[in-house]
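Subject: Structure for you to look at

Hello,

Here is the structure I said I would pass on. Please open it next to this message, and my notes follow below.

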Amino acid sequence: MSNPVRRRRPTIHDVAREAGVSRGTVSRVLNGGHHVSPAAAEAVNSAIRRTGYVVNRHARSLITGRSGSAAFLLTEPQERFFEDPNFNVLLRGCTQALAAHDIPLLLMIAGSRDEQRRIVRYVTAGHVDGVLLVSSHTGDPVAAQLARAGIPVVACGKPMDPRAGRLAHVAADDREGAREMVRHLLAAGRRRIGTIAGPQDTPGGVDRLAGFREVLAEAGLPFDESLVETGDYGRASGAAGARALLARHPDLDGLFVASDLMARGALEALAGAGRSVPDQVAVGGFDDSAAALASAPALTTVRQPWDRISQEMVRVLLARIAGEDTSAVILPTELVVRDTA
C-alpha cells in the first residue's frame, strides 16, 4: 500500500502570489500592518485564509528576537482562580483581544514565593514578550522584578509597590464606584451602614474603603471603625464579616461589601440571623460578576467594565512591547440596582 503524497505547507510566497502583492507587503501585514494600505492588508488576509498559511512562530522568533506570545500572570493561590469569577472573565477577554493579533496567551498562576521565583526566571528568559499581571498585593515582588528586568508589564489595578516604579496599569475607578454605592444606600434612608472591605494590601481594598469613608463624611455621619470588617474577597470572609458586624451592631440597616463573592456570604449570614434583605438591611456589592446574578435576592452592585479593562490591558501591553511609553488608564464604573438595595 503506497504512502499518500504529503501536501506541501503553504509559504509566504504562496500568500504573496495569491494576494498579488510583494513578499515584503505580506511580511509587513504579518508584523502589525504598518505602512500597508487597507486594500493590500485585506488582500493579504484573504489570501492567508484561502491558502491556509500558518505563521512559523519559531522562525519568526529567531528573526525578531520575540516569542510571539504573552503571559496572564495571577499572583494568587490556585483556588482563588476557580472561586472568583472575575479572573475567568478577565482571562477570557484578554485571550480574545490578543487573538485578534494572532498572539497566544499563556496562563500562569503563582500563589507562593517559590512559584513566583520560577515564573520570573521563565519570563525573563524570553519565553514571552510581555506580562498581564493580575492581583498584585503590597509586598508582592513580581512586578518590581519584571520591571527591573525590562519585561513589558501591564497590571490590572493600581500598583501599590513603589519598587515597581511607574508601572503601566489599567483599573476601574474603585473609589468613585464605592462612593456611588454608599450614596445609593443613604438615598434609601439607611443611616447605620457598615462595610466589609477588601484586603488593605490591594488597591481595590484601599480605594473602596476610602470611598465609603468619604461619602459618610459628606453626609455628616461619623466614621466608626467598629462598622468596618475586612475580608479577602472570598465568600467565607463575607459571611464572617457580616456576623461580626451584626454582633456589634444589631441595628445595622445598610451594608456595602467590597466584592460580590463576599456579598453572597454576607447575604447568607444575614438570612441565618433572621434579617430580611432589603427591608431590614440593604446590601450592595462590587464587581457585577456572575455571583451577583446568582444571589437570592439578586444583588445590587457596582459594575466593573471587564471587557474594556481586558481590551485596554492588551492595547497597552502591545504598545509597551513595541517600545512606546504609556500612561495609566482608569475606567468608570456603573451602579447596577437590583433587589438587595
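The notes below go from the whole chain to its domains, then to one cavity and one helix.

First, a caution: this is a predicted model, and the values here were computed from it.

Overall layout. The protein chain has 14 helices and 12 strands. Its C-alpha atoms fill a box of roughly 80 × 50 × 40 Å along the principal axes. Of the 341 residues, 53% are buried. If you take contacts between residues at least 6 apart in sequence, 71% of them join residues at least 24 apart.

Domains. The assignment gives domain 1 (12-55), domain 2 (70-173 + 306-332) and domain 3 (174-303). Domain 2 is therefore written as two stretches, because the assigned bounds list 70-173 and 306-332 under that domain. The centres of domain 2 and domain 3, taken over C-alpha atoms, are separated by 28 Å. Where these two domains meet, 14 residues of domain 2 are in contact with 19 residues of domain 3.

The cavity. With a cut-off of 30 Å³ or more, the count is 1 cavity. The space in the largest cavity is about 40 Å³. Which residues line the largest cavity? They are D84, P85, N86, Y233, S259, D260, L261, D287 and S289. Two elements, α6 (85-99) and α12 (260-272), give two or more residues to this lining. Sorted by class, the lining has 3 nonpolar, 3 polar and 3 charged residues. Domain 2 and domain 3 each supply at least three residues to the lining.

Helix α14. This helix covers residues 306-321, and 306 is also where the second stretch of domain 2 begins. Does the length of α14 agree or disagree with what its residue count predicts? At 1.5 Å a residue, its 16 residues should span 22 Å, and the end C-alpha atoms are 22 Å apart, so the two agree. The buried residues of α14 are W306, I309, S310, E312, M313, V314, V316, L317, A319 and I321; note that E312 is in that list. The cover over these buried residues includes the strands β1 (70-74), β3 (131-134), β4 (153-156), β5 (168-172) and β11 (329-331), together with helix α6. Helix α6 also appears above, as one of the elements lining the cavity. After α14 comes G323, which has a positive phi near 90°.

Those are my notes on the chain, the domains, the cavity and the helix.

Regards

Note on methods
Residues are numbered from 1 along each chain as its sequence is written. This is a predicted model: local features need pLDDT of at least 70, side-chain atom pairs count only at pLDDT 80 or more; totals for chains, interfaces and linings use all residues. Side-chain values use heavy atoms; hydrogens and water are left out. On a 1 Å grid over the protein atoms alone, a cavity is a set of points where a 1.4 Å probe fits but cannot get out, and a pocket is an open set with protein on both sides within 12 Å along at least five of seven lines; lining residues have an atom within 4 Å of a point. Grid points are joined across faces, edges and corners, and a volume is the space filled by probe spheres set on the points. Helices (H or I, at least four residues) and strands (E, at least two) are DSSP runs, numbered from the N terminus. Ala, Val, Leu, Ile, Met, Phe, Trp, Tyr, Cys and Pro count as nonpolar, Asp, Glu, Lys and Arg as charged, and the others, Gly among them, as polar. The expected span of a helix is 1.5 Å times one less than its number of residues. Buried means under 20% relative accessible area, exposed over 50%, partly exposed in between (1.4 Å probe, protein chains only). Contact means heavy atoms within 4.5 Å.
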